[in-house]
Amino acid sequence: MTSDATLYDRDRKSVSALQKLRFFPLALRGGDGRYVIDDSDRRLLDLSGAWGAASLGYGHPAIRQSVDSALQSQAGASILSSTNAPAVMLAERLLQIVPGSGERRVWLGHSGSDANETVARAVVAATGRNRILAFTGAYHGGTQGSMAISGHSAQEGVAKSGGLTLVPYPNPYRPYEGDPNGNALLVHIETLLETSCPGEEVAAFFIEPIQADGGLIVPPAGFLRKLAKLCARYEILTVCDEVKVGLARPGKMNCFEWEDFTPDIVVLGKGLGGGLPISAVIGPAEIMNVTVSFSMQTLHGNPVCASAALAVLDTIQRENLITQAAETGDYLIKTFKSVQSGQPVIGDVRGRGLAIGIELVHNDAKTPATDLTRKVVYRAWELGAVFYYVGMQSNVLELTPPLTLTREEADKGTEIILRSIEDAIAGNVSDEAVAEFTGW
């Protein structure tokens, strides 16, 4: 390897492509607040927050102090065969901030993937029912078990659970049977429960309160509450996947609070650790205690990541980040909607708090502008902002910045995004430039 090889070139020659989802040649040497710093010392505004994982941005003093304290006298590295104070304190805190009834327990893992896989296995084992319901477009993780209950186009060809039934997600912009309120979809689901997918055989319905990787889709008001009531009629557990859109990001602590229902099981990840790997499941004791040694990995519940998560939860409360996310997100959404009529490729602007989707289309027929979207995110990287695209047709710009994003940074990000759209339309990004970056 020559000494003048770039960091990205070295990555190409050493790191497996199996774990790469690349949109432009971003190579980082550091980060500061809401900015990442690349290997040429450019500071780029991070409007993705590492897919929502960097909930407090980069180098937040609360996380640094908490992790440093945990490492000074490290209380083991696991909760498998011993316990530790940070893990127990985190479980206790999660039981406080996630509403629910009856006796509950918390499972701690590494990611949303292992958390959702654990739930999928546990609900079947505890109920004796072998069917699972989920939404088309859902991305519940990247392990075999979590992919088996997902419905995203990026996972085509992956073996699905034999008991999985997928139904359309309620999308007001592209409504099922032309009904933006979702009532026609509810009728469809109830018909399935009465016929080909008998309700008494369904263990759980996996729900995203905002469908994230499927297109940052916000369901119509009241839909999930009605769905939860339907599930309760058949004693089907509701599992709320809040991995990307929970924990203050939507302008409430829990995203399901927008929907006026309380799920049976809640799954958290990404932003919980502020950039360190940790996930959690909060659910009924009879599910979470179905048996011992059922879902465990050596570093689950390690005190370092648990301490980081406690710091994130403390900071959300201390810095009033729920309100900040709500206000900054509302400002961003209103700003993009205000320019929508003058920029026809912006088909839809949607979101809650700092979970925002901007769908790009070509015409009144809402034809997905997939190629244009690839070029927009690439051009934004050139101009100094980092964000990615999602959606079954890869045509939705997704904004999930750190919760600490300021109004001034929001203005800067908006300016870059709008210019990137204009530049991409004008042909200022070549096919050759984006050819290497297949994204989703």
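This is a quick talk about a helix pair, a small group of paired strands, and a helix lying across those strands.

Okay, one thing up front: what we have here is a predicted model.

Let's start with the helices. Find α6, residues 183-194, and then α7, residues 223-233. Their axes come within 11 Å and cross at roughly 15°. Anything under 35 degrees counts as roughly parallel, so that's what we call α6 relative to α7. As for handedness, α6 passes α7 in a right-handed crossing.

So who's touching whom? On the α6 side, the contact is made by Asn183, Leu185, Leu186, Ile189, Glu190 and Leu193. Over on α7, you've got Phe223, Lys226, Leu227, Leu230 and Arg233. If you sort the residues of that contact by type, seven are nonpolar, one is polar and three are charged.

Now, on to the sheet. It's an open one with four strands, and the order goes β1-β2-β3-β13, with mixed pairing. Which strands stand at the edges? Those are β1, at 28-32, and β13, at 385-386. Each has a single partner strand, so one side of each is left without a neighbour in the sheet.

Let's zoom in on the β13 end. Its pairing with β3, residues 43-46, is parallel and runs over two bridges. If you want a spot to look at, Leu45 stands opposite Ala385 in β13.

Last stop: helix α12, residues 407-425. This helix lies across β2 (35-38), β3 and β13, and runs at about 100° to β3.

That's my tour, thanks everyone.

Terms used:
Residues are numbered from 1 along each chain as its sequence is written. This is a predicted model: local features need pLDDT of at least 70, side-chain atom pairs count only at pLDDT 80 or more; totals for chains, interfaces and linings use all residues. Side-chain values use heavy atoms; hydrogens and water are left out. Axes are lines fitted to C-alpha atoms, for helices over the stretch in contact, and angles run from 0 to 180 degrees between N-to-C directions. Angles under 35 degrees count as roughly parallel, over 145 as roughly antiparallel, 65 to 115 as roughly perpendicular and the rest as oblique. A crossing is left-handed if the near helix is turned anticlockwise from the far one by less than a right angle, and right-handed if clockwise. Contact means heavy atoms within 4.5 Å. Ala, Val, Leu, Ile, Met, Phe, Trp, Tyr, Cys and Pro count as nonpolar, Asp, Glu, Lys and Arg as charged, and the others, Gly among them, as polar. Two strands pair if DSSP finds at least two bridges between them.
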